[in-house]
Amino acid sequence: MKQHKKIAIIGGGVTGLSAAYYLKKAIKTKQLPYEFALFEASNRLGGKIETMHKDGFVIERGADSFLARKEPTLRLVKELGLEDELVRNGTGQSFVLVNKKLHKIPKGSYRGVPVRLGPFWRSSMFSLLGKLRGSMDLFMKKNKQVGDQSLGAFFRHRFGNEFVENLIEPLLAGIYSGDIDEMSLMATFPEFYRLEQEHGSLVKGLQAFMPNQAKKKKSKTGAFYSLKDGLNTMINRLEEELTDQIHLETAVDHIEKKQDGYHMLLSDGTVYEADAIIIATEHQALPKVLSQYDFFKVFHNIPATSTANVALAFDASAIKKDINGTGFVISRKSDTRITACTWTHKKWPQTTPKGKVLVRCYVGKPNDQDVVNLTDEEITAIVLKDLNKIMKIQDQPEFSVVTRWKNARPQYTVGHVERVQYVRKQMDEQLPGVFIAGSSYNGVGIPDCIHQGEIALDEMLHYLQK
């Protein structure tokens, strides 16, 4: 029996990197007889975290922040000695574009769902009939449907179409760049289902869940964190900690189970022998590298959407209609092609030189996927045309940066939880010692990905120590 065990981590996004970091720490502190290597197919680390510095601007091409209330990222940042680099987002009013007009997101809500109905009744975002239908949640009984259902069906039943299309859908579906009528309630926001089942009314459930919401003034502290010089600071520090274990531009072409572990055929023609493996890639890779196992074909039922974002830098004088806020999302019934816009210079002031403006806009609705394949110039022109309707920006930007994420947004459609559970059960039986983690499975945010890396590592260490 081999005493010195070898571990492979596949994928150099934040999931794989965090798992590798904590593995290296465990080996050192517990004096474990293990060695490991991390394989990344591309020429860079970080996955959907990528920071660009240009002319004094700090531009996030992917994720720009993480939720402060979720501990995994904050814990990792402190572990890496980066606590002094943390910055909170600037707070301010957020808007929704409905019927070609920016409307303030009503106060007294949680993720766009009413905790208090008064602010919704005072909002000009909804018609009288829409407000009446939305208020019916207070008098309806809990949903009798058992099992998963679409997010859209759940909220349309509680609040009606207008509430969903004007507010709930742009806020909730926007997180996943998905179609609210395809998204799984139990995989994305199961807390809403539990509150409705316990209290009958979702509004009453939220009032019980957030009893101080009605009294609480809007917090002056932002709900998100970033790092002064961009989130790549964290990736760079992880790379420094793991230099000896990282293999860039090294894809895993095939994994074969052997009597004494696993043989991984690498793109450079070599074989890496591993006793255990953490696969922290997107789900599309598994049916390819483990093609002899039919159960991975269920991952073909997890679609992925494409998006692009455009960062635009202006002199402050270019903004003819300045709006006091941090950005806006857009009702999908709108005739714009952008789906949201962040006023980055207000939300993250440290990113922008004084006297300048930085905005970031997003394209790639579920029914407008081809936009991502247009040229940089074409995408930028589309964004500027839409912005001019809303903010009266007629000047050309000092520069623009277009970033595409093709087939990179996994969709948690109805039945997602069951699909992932099925695959994991099959892996336990047929591929002991191989574990999966990442944005395709149990959450797309940075803290969710780091947490999945931690869980996969704990399961792997338990397996090796049995």
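Helices (H or I, at least four residues) and strands (E, at least two) are DSSP runs, numbered from the N terminus. The model you are looking at is a predicted one, where local features need pLDDT of at least 70, side-chain atom pairs count only at pLDDT 80 or more, and totals for chains, interfaces and linings use all residues. Residues are numbered from 1 along each chain as its sequence is written, and side-chain values use heavy atoms, with hydrogens and water left out.

**A glycine in a loop**

Let us begin with G108, which sits in the loop between strand 8 (101-104) and strand 9 (109-110). This glycine is buried, at a relative accessible area of 6%; buried means under 20% relative accessible area, exposed over 50%, and partly exposed in between (1.4 Å probe, protein chains only). F120 is 12 residues apart from G108 along the chain, and their C-alpha atoms are separated by 8.5 Å.

**Strand 20 and its partners**

Strand 20 (residues 356-363) makes a good next stop. Because 6 of its 8 residues are buried, strand 20 is largely enclosed by the rest of the structure. Two strands pair if DSSP finds at least two bridges between them. Strand 17 (residues 304-315) runs antiparallel to strand 20 and is joined to it by 8 bridges; here D315 has K356 as its bridge partner. Strand 19 (residues 338-343) also pairs with strand 20 in the antiparallel sense, over 5 bridges, and in strand 20 it is Y362 that stands opposite A340.

**Aromatic contacts**

Rings of Phe, Tyr and Trp (its six-membered ring) pair if their centres lie within 6.5 Å; planes under 30 degrees apart count as stacked, over 60 as edge-to-face and the rest as tilted. By this rule there are 23 aromatic pairs. One of them, F189 with F192, is tilted, with 5.9 Å from centre to centre and 45 degrees between the planes. F189 is buried at a relative accessible area of 3%, and F192 is buried too, at 0%.

Another pair, F435 with Y463, is edge-to-face, with 6.4 Å centre to centre and 70 degrees between the planes. F435 belongs to strand 22 (residues 434-436) and Y463 to helix 15 (residues 446-465), so this pair ties together parts that are 28 residues apart in sequence. F435 is buried, with a relative accessible area of 10%, while Y463 is partly exposed at 26%.

There is also an aromatic cluster, whose members include Y110, F120, F126, F154, Y176, F189, F192 and Y412. The F120 of this cluster is the residue whose C-alpha atom is separated by 8.5 Å from that of G108.

Lysines meet rings as well. A charge sits over a ring if NZ of Lys or CZ of Arg is within 6 Å of the ring centre and within 35 degrees of the ring normal. K6 lies over the face of Y272, 4.4 Å from the ring centre, and the charged end of K54 sits over the ring of F399, at 5.1 Å from its centre.

**An enclosed space**

On a 1 Å grid over the protein atoms alone, a cavity is a set of points where a 1.4 Å probe fits but cannot get out, and lining residues have an atom within 4 Å of a point. Grid points are joined across faces, edges and corners, and a volume is the space filled by probe spheres set on the points. The count comes to 1 cavity of 30 Å³ or more, and the largest cavity has a volume of about 130 Å³. Its lining has 16 residues, with V58, E60, D64, T344 and T351 nearest the centre. Strand 4 (57-60), strand 11 (224-227) and strand 20 are the elements that give two or more residues to this lining.

**Three loop residues**

The table places three residues found in loops, with their accessibility.

| Residue | Loop between | Relative accessible area |
|---|---|---|
| N99 | strand 7 (94-98) and strand 8 | 71%, exposed |
| K392 | helix 13 (376-391) and strand 21 (399-410) | 38%, partly exposed |
| S291 | helix 11 (286-289) and strand 17 | 43%, partly exposed |

N99 has a positive phi of about 55 degrees although it is not a glycine. K392, not a glycine either, has a positive phi of about 55 degrees. As for S291, its C-alpha atom and that of L231, 60 residues apart along the chain, are separated by 35 Å.

How values were computed:
1 Å grid on protein atoms, 1.4 Å probe; cavity = no way out; pocket = protein on both sides within 12 Å on 5 of 7 lines; lining within 4 Å.
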